[in-house]
Amino acid sequence: MATINLVDLKKNYGPVPAVKGINLSVKDGELIVLVGPSGCGKSTLLRMVAGLESVTSGRIEIAGRDVVKAEPAERDIAMVFQNYALYPHMTVRQNLEYGLKNRGTPREEIDRRVKEAADILEIGPMLDRKPRQLSGGQRQRVAMGRAIVREPAAFLFDEPLSNLDAKLRVQMRVEIRKLQRRLKTTSLYVTHDQLEAMTLADRLVVMNGGLVEQLGTPTEVYDRPATLFVAGFIGSPPMNLLSLESIAGASGFDGLNLPAGTDVVGIRPDQLTLEQPTGPSLALAATVELLEPIGGESHLHVRLNTSNQAVILSVPGRPDIAEGAAVTIHARPADLHPFNRESGRRTDTAVANP
Amino acid sequence: MVENRPLLSFLTHLVLIVGVVIVVFPVYLAFVASTHGNGDFLSGLVPLLPGPNLIENYRLMLTEGISTAGAPPLWIMLGNSLVIAIIIAVGKIAISLLSAYAIVFFKFPFRLLAFWIIFITLMLPVEVRIIPTFKVVADLGLLNSYVGLTLPLIASATATFLFRQFFLTIPDELMEAARVDGAGPLKFFRDILLPLSRTNIAALFVILFIYGWVQYLWPLLVTTDSRYYTVVMGIKRLAATADGEPQWHLVMAAVMLAMLPPVLVVIFMQRLFVKGLVETEK
Amino acid sequence: MQTKRTIFPNKLLPYLLLAPQLAVTLIFFIWPAVQAVKSSFEREDPFGFKTTFIWFDNYKRLFADPTYLNSVGKTAVFAVSVTLLAMSVSLLLAVSVNRVLRTNRVYTTLLVWPYAVAPVVVGILWWFMFNPSIGIAPYLLRGLGINWNHRIDGSHAMLLVIIAASWKQISYNFLFFVAGLQSVPQSLTEAAAIDGAGPFKRFWTIVFPLLSPTTFFLLIVNINYAMFDTFGIIDATTSGGPAQATNILVYKVYADGFLGLNIGSSAAQSVVLMLIVIALTAIQFRYIERRVQY
């Protein structure tokens, strides 16, 4: 049980900066998810915390101790790797025991912890099998088990679910969440999947280009994306980002009263409606290009008549609309997110930003 | 694929059978010769069917040898060959594992230079540098010794390359997981890398055992003491007796005995042999 | 050059790990090679007391020596013949094995073991078969009116060493051709079959072109083999004779250095051989590099 503090952490590969100065405090027992596109520096950041990458400058404190110079084994962390990294020639039990044996843990203690982890993860019957005899989900559990038996100060997860098929991924996601709640171990979790990030995180760090774009709870980040990048990255289908020119002249546009500096507004697909809402609204004339029914809801792809701008709506059920039909789409002014394109930031005062 | 060409199938098998006959026939002749008595070779044509002297000839060669040819009994030479082939195979594997480990898992000054020094050994087979190498071994006082017979043959770029290739295919995460689990470099080598290299080591052992066994020129140069003769070089002495025609039945018994161990290794470890051969050379 | 994403931080350990291999390489490979280069520029007086530096005299004399030039010619004939014979026979066998389904393991086992036979033993086997007084081959050839005697006839001797050397190399080539044939995607031959190509046409238009990396690799390996690994075969069958007819370069180095004790000339010959190996290795590696980029 511990806190993790990152202070102005930087990493350069030769002249190329990969991580450009990150400050982050992970509270005791908290699960923080680092999310971003590939190459954003999230994995490098995690690997620096693990001690697998050297640090160019800055400080890493785990449980109040500066560990920048410490070997991975001396940092009291456990890591779950993307491809599990189970030792293929050892049985599940030997995999779980290896780290403990290397630390000279007494035999009874090892047995107790292995049994406990096996019970938690329900892998008891597999203890004497080799990794290749296990399914993907079972390997994933063993990899988690190897972290659990160590009883470390912190768990580090490096895209642990990305090798699983979609169904299993959802199932394991729930299990990781439950497990982390139960053990209350401070955790850093890296993923590129924004849905995984939203569902797992106590707090979310959205990274891009080696910098933190936004830090906040999933709801904060979803409801008030701090930057254009976050607005486009979090949420599926992604937020519609419309330049002011493309909607100028629409009915209700003049009454919008946007903050100074705004030249782009964002609106989530599920906050656009085909019916006129009560109260004031922005009404845009559009033509339907494609209707994608995806079960309980449908994605409606339209183009604005005035500017030819593509827009996506999420509408409940399966509306009876033909492709090529003319529609009017409505947005409530309160649902609009105002941004400035040049700075990339919100133009109404940031509240969710640290 | 449906193919209905009986003539082609027949031809295919015919080609293979002729091929097998060509490959096997010289050895069959040698075997037949090794089962006859001395007198059977005076008729002007070698016998084509086995004779009655098999046990007698092999026993004689194994226990006594041909004293006039200056070669010791075959069991001594077979023993030497076995010892030397094993030392060469184990030695090559050991030093190659270590150097490949250094090259793949560490970064250090002169790493590239070390790699090139090892690489160069590919270009200097013993046959092209016999005399100076012989001189070095003689100056070190290693003539007529197992060390002199094996050590100069032990450096091997191919084994180092094979292990390097294999190490590069081991996922990075495995080593990272081991480090997080508290394993240092030697522990990682012993607990993870060696067990994972088992198949490669075995395959390479088969190839290198054969390599060591069939060595001829080098043992010929560095041994004058018959206690250190290997069977492959000893046979040449048996065959090259000064007084005219060699004693064919005994020479061929020795030939069969010299061939048998490595050929059995190939036949019974065919899978490892093929793996070792195809992977070291690529 | 490639290493792992993370590496161990130790400073001294890698040198200790490398030490055994580097020591053996330096003492038994690099140092003798340097010595060979050095003595190739020197002359030693007959008693071995004094050496003089003579620049390229050893090389000049070498390339003016008709027996050396003869040896170069014999080596070329020998290497090319062995390569062509061994490769074509093994390709035929590999293609055949690739066609049979149930029995291919039996055939493979019966064909691969000569790899493990020492070259000198190969020499003795064929020497026995072609022995002019009792061998079976001369007996059969006499029936055809050919009076075989490789002890007198140089071309007979050359033929004998070519056959013996090719025999040993068949198993090696065979294994690589089989591996190469198995890596030709079956969908391609199936597509060709649907396009109406018969088995022979399929082989020459689809399979053989796709096999060219293997063929090229084996070409280099076989030349290398014929030039350097056949010492034992020559020594057991002809000892370079009769009248230098089979005195290939690698045998001549040994004969001149150890039997003739002509150190300077032998050293110059060693250096020439090293250059040939370096050239062959360079070609081979360039080709491997290119193939990796595929």
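Where in chain A does A:Pro237 lie? It sits in the loop between helix 8 (228–233) and strand 11 (240–243). The model is predicted, and that loop is a good place to enter it.

The backbone of this loop holds a cis peptide bond. The bond runs from A:Ser236 to A:Pro237, with omega near -5 degrees. Most peptide bonds are trans.

Now take the domains. The assignment splits chain A into domain 1 (4–228) and domain 2 (240–339). Their C-alpha centres lie 40 Å apart. Helix 8 begins at residue 228, where domain 1 ends. Strand 11 begins at residue 240, where domain 2 starts.

Next, phi. Most residues other than glycine have a negative value. Two residues of chain A go the other way. A:Asp8 has a positive phi of about 45 degrees. A:Glu159 also has a positive phi of about 45 degrees. Neither A:Asp8 nor A:Glu159 is a glycine.

Which elements hold them? A:Asp8 belongs to strand 1 (residues 4–13). A:Glu159 falls in the loop between strand 7 (154–158) and helix 5 (166–183).

Is A:Asp8 buried or exposed? A:Asp8 has 11 C-beta neighbours inside 10 Å, so it counts as exposed; the cut-off for exposed is 12 or fewer. A:Glu159 has 20 other C-beta atoms within 10 Å and is therefore buried. The cut-off for buried is 20 or more. So the strand residue A:Asp8 is exposed, whereas the loop residue A:Glu159 is buried.

Terms used. Residues numbered from 1 in each chain as written. Chains lettered and ligands numbered in written order. Predicted model: local features only at pLDDT ≥ 70, side-chain atom pairs only at ≥ 80, totals over all residues. Helix = DSSP H or I, 4+ residues; strand = E, 2+ residues; numbered from the N terminus. Domains from an automatic or database assignment.
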